[in-house]
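Student: I would like a close look at the aromatic residues of this chain and at what surrounds them. Could you take me through that part in detail?

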Amino acid sequence: QVQLVESGGGLVQPGGSLRLSCVASGTIFSPYDMGWYRQAPGKQRELVATITSRDSINRADSVKGRFTISRDNAKNTVYLQMNSLKPEDTAVYYCNWHSMIPGDHRTYWGQGTQVTVSS
């Protein structure tokens, strides 16, 4: 089992910044990928950004140039720095962890943290 605890969400004005954190604990072996997804009301969950154990990054086009994902392997933590936030970034943001060990198909989700961008 892997537990994910997210923090850092909240209410921010357009153009503002927030930093999300997600700490993983439990039965964790490298390599593993971590990432952030989001789900707005009435919409499907979508990828925001992912990062591999070798720091290879994939980001949605809508956040390129504004959001930065990073990780601290010693702390089993992934971060999402969100700058120049827009109202359309409003969503519940979910942390994801999944194993990249051959034959290990485990994937886990955090409980979600609300991000609201509004004036």
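Tutor: Since this is a predicted model, what follows describes computed geometry. A convenient place to begin is Trp-97, which counts as buried because its relative accessibility is 0%, under the 20% limit for that class. The ring of Trp-97 pairs with that of Tyr-108: the centres lie 5.9 Å apart and the planes meet at 50°, so the pair is tilted, an angle of 30 to 60 degrees being neither stacked nor edge-to-face. This pair joins distant parts of the chain, with Trp-97 in strand S9 and Tyr-108 in strand S10, eleven residues apart. Tyr-108 is buried as well, with a relative accessible area of 18%, and together with Tyr-32 and Trp-97 it forms one aromatic cluster.

The structure holds three aromatic pairs, and another of them is made by Tyr-37 and Trp-109, whose ring centres are 5.1 Å apart with planes at 70°, so that this pair is edge-to-face. Here too distant parts of the chain are linked, since Tyr-37 belongs to strand S4 and Trp-109 to strand S10, 72 residues apart. Trp-109 is partly exposed, its relative accessible area being 39%, and Arg-45 lies over the face of its ring, at 4.6 Å from the ring centre. A similar arrangement involves Arg-19, which lies over the face of Tyr-79 at 4.1 Å from the ring centre.

Trp-97 also leads into the interior, for it is among the residues with the most contacts inside the largest nonpolar core, a set of 30 residues in which Leu-4, Met-34, Trp-36, Leu-80, Met-82 and Tyr-93 are likewise listed. Several strands, including S3, S4 and S9, each supply at least two residues of this core. Tyr-93 illustrates how such a residue is surrounded: leaving aside residues up to four places away in sequence, Tyr-93 touches, among others, Trp-36, Tyr-37, Phe-67, Leu-80, Met-82 and Val-115, and its partners also include the charged residues Glu-6 and Arg-38.

Strand S9 brings one further link, the disulfide between Cys-22 and Cys-95, whose sulfur atoms are 2.1 Å apart. Cys-22 sits in strand S3 and Cys-95 in strand S9, 73 residues apart, and both cysteines are buried. With -85° about the S-S bond, this link is left-handed, and a search of the whole structure finds one disulfide.

Notes: Residues are numbered from 1 along each chain as its sequence is written. This is a predicted model: local features need pLDDT of at least 70, side-chain atom pairs count only at pLDDT 80 or more; totals for chains, interfaces and linings use all residues. Side-chain values use heavy atoms; hydrogens and water are left out. A disulfide is a pair of cysteine sulfur atoms within 2.5 Å. Helices (H or I, at least four residues) and strands (E, at least two) are DSSP runs, numbered from the N terminus. Buried means under 20% relative accessible area, exposed over 50%, partly exposed in between (1.4 Å probe, protein chains only). A nonpolar core is a set of buried Ala, Val, Leu, Ile, Met, Phe, Trp, Tyr and Cys residues joined through side-chain atoms within 4.5 Å. Contact means heavy atoms within 4.5 Å. Rings of Phe, Tyr and Trp (its six-membered ring) pair if their centres lie within 6.5 Å; planes under 30 degrees apart count as stacked, over 60 as edge-to-face and the rest as tilted. A charge sits over a ring if NZ of Lys or CZ of Arg is within 6 Å of the ring centre and within 35 degrees of the ring normal.
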